[in-house]
Amino acid sequence: MAQRRHLVAGNWKMNGLRAEAERLAGDLAARARTAAGGCDMLVCPPATVLAAVGAVLGGSGIALGGQDCHAAEKGAFTGDVSAEMLKDAGCSFVILGHSERRHGHGETDAEVRAKVAAAWRAGLAAIVCVGETREQREAGTALAVVSAQLAGSVPEAASAANLVVAYEPVWAIGTGLTPTLGDIAEIHGGIRARVAAGTRVLYGGSVNPGNARDILALPDVAGALVGGASLKAEDFWAIAQACG
Ligand code: PGA
């Protein structure tokens, strides 16, 4: 299979009122319209500003994604958003199983798996996040933990077109800490062996303009999932440019 372009995805988390979200998206869109991008770009803003951000991104080539979805198509689920609603709002991706969902909301692999199936039902590609805690890394079980999460969270119909995996060590998210390049390479190699050929495997966790180039140059790293640094257009753009 032909090598897919790298994907640099911004996870805005619970940040962005409409005016600032439109400003950030507008800055990125202006850059994307004038400069040839070496990678695919995606932003995942809060659900409340999806439509506004989508309108600003129109024609820029930057894709829109959600940060989570419910497994059901519709129904009595107060406060939840379905994959169909994300699709309807202009999304082509959804992040699922982020550590802030797994650890902050107690989501299990089975729940993540049901959400991935929902994403595919709606025609969205799923970005499935996996990653070990600090204790698990110190115990030497990082690859085993990630493998178990993958096995439990990804339905059988996975392909390079409908699945992206993001390796995000829990202890590296928002901390400024990153694994060594060797540790990233080891886990990415392990993930690659467990997914369909051509599936993009992103690294996430304290990616910034200073470390992006080395991480993105690793052979099994096909992009980045960026949190904090995706809230500054200049930094997010610099990370995308680091795809080379
Ligand atoms: P960070 O977050 O880049 O702020 O570490 C990454 C993520 O949570 O996806």
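This passage walks through the surroundings of the ligand and then turns to one glycine, G205. The model is a predicted one, and the values below are computed from it.

A good place to begin is the shell of residues around the ligand. This shell holds 13 residues, and those that come nearest are K13, H98, E168, G174 and S206. Sorted by class, the shell is made up of seven polar, four nonpolar and two charged residues. The space that the ligand takes up is the second largest pocket.

Looking more closely at individual contacts, three residues can be picked out, each facing an oxygen atom of the ligand. K13 takes part through its side chain, with a polar atom 2.7 Å from a ligand oxygen. S206 takes part through its backbone instead: one of its N or O atoms lies 2.7 Å from an oxygen atom of the ligand. For G227, too, a backbone N or O atom is involved, here at 2.8 Å from a ligand oxygen. On its own, the ligand has 280 Å² of accessible area, and the protein covers 95% of this.

The last stop is G205, found in the loop that runs between β7 (200-204) and α9 (212-216). Is this glycine buried or exposed? G205 counts as buried because its relative accessible area is 5%, under the 20% cut-off. G205 also has a partner from another part of the sequence: I173 is 32 residues away along the chain, yet the C-alpha atoms of the two residues are 4.2 Å apart in space.

Terms used
Residues numbered from 1 in each chain as written. Predicted model: local features only at pLDDT ≥ 70, side-chain atom pairs only at ≥ 80, totals over all residues. Heavy atoms only, no water. Near = heavy atom within 4 Å. Polar contact = N/O pair within 3.5 Å; in protein donor to acceptor, adjacent residues only side chain to side chain. Areas by Shrake-Rupley, 256 points an atom, 1.4 Å probe, with all protein chains shown as cover. 1 Å grid on protein atoms, 1.4 Å probe; cavity = no way out; pocket = protein on both sides within 12 Å on 5 of 7 lines; lining within 4 Å. Sits in = over half its atoms within 2 Å of the grid points. Nonpolar A, V, L, I, M, F, W, Y, C, P; charged D, E, K, R; others polar. Helix = DSSP H or I, 4+ residues; strand = E, 2+ residues; numbered from the N terminus. Buried < 20%, exposed > 50% of the residue type's maximum accessible area, 1.4 Å probe, protein only.
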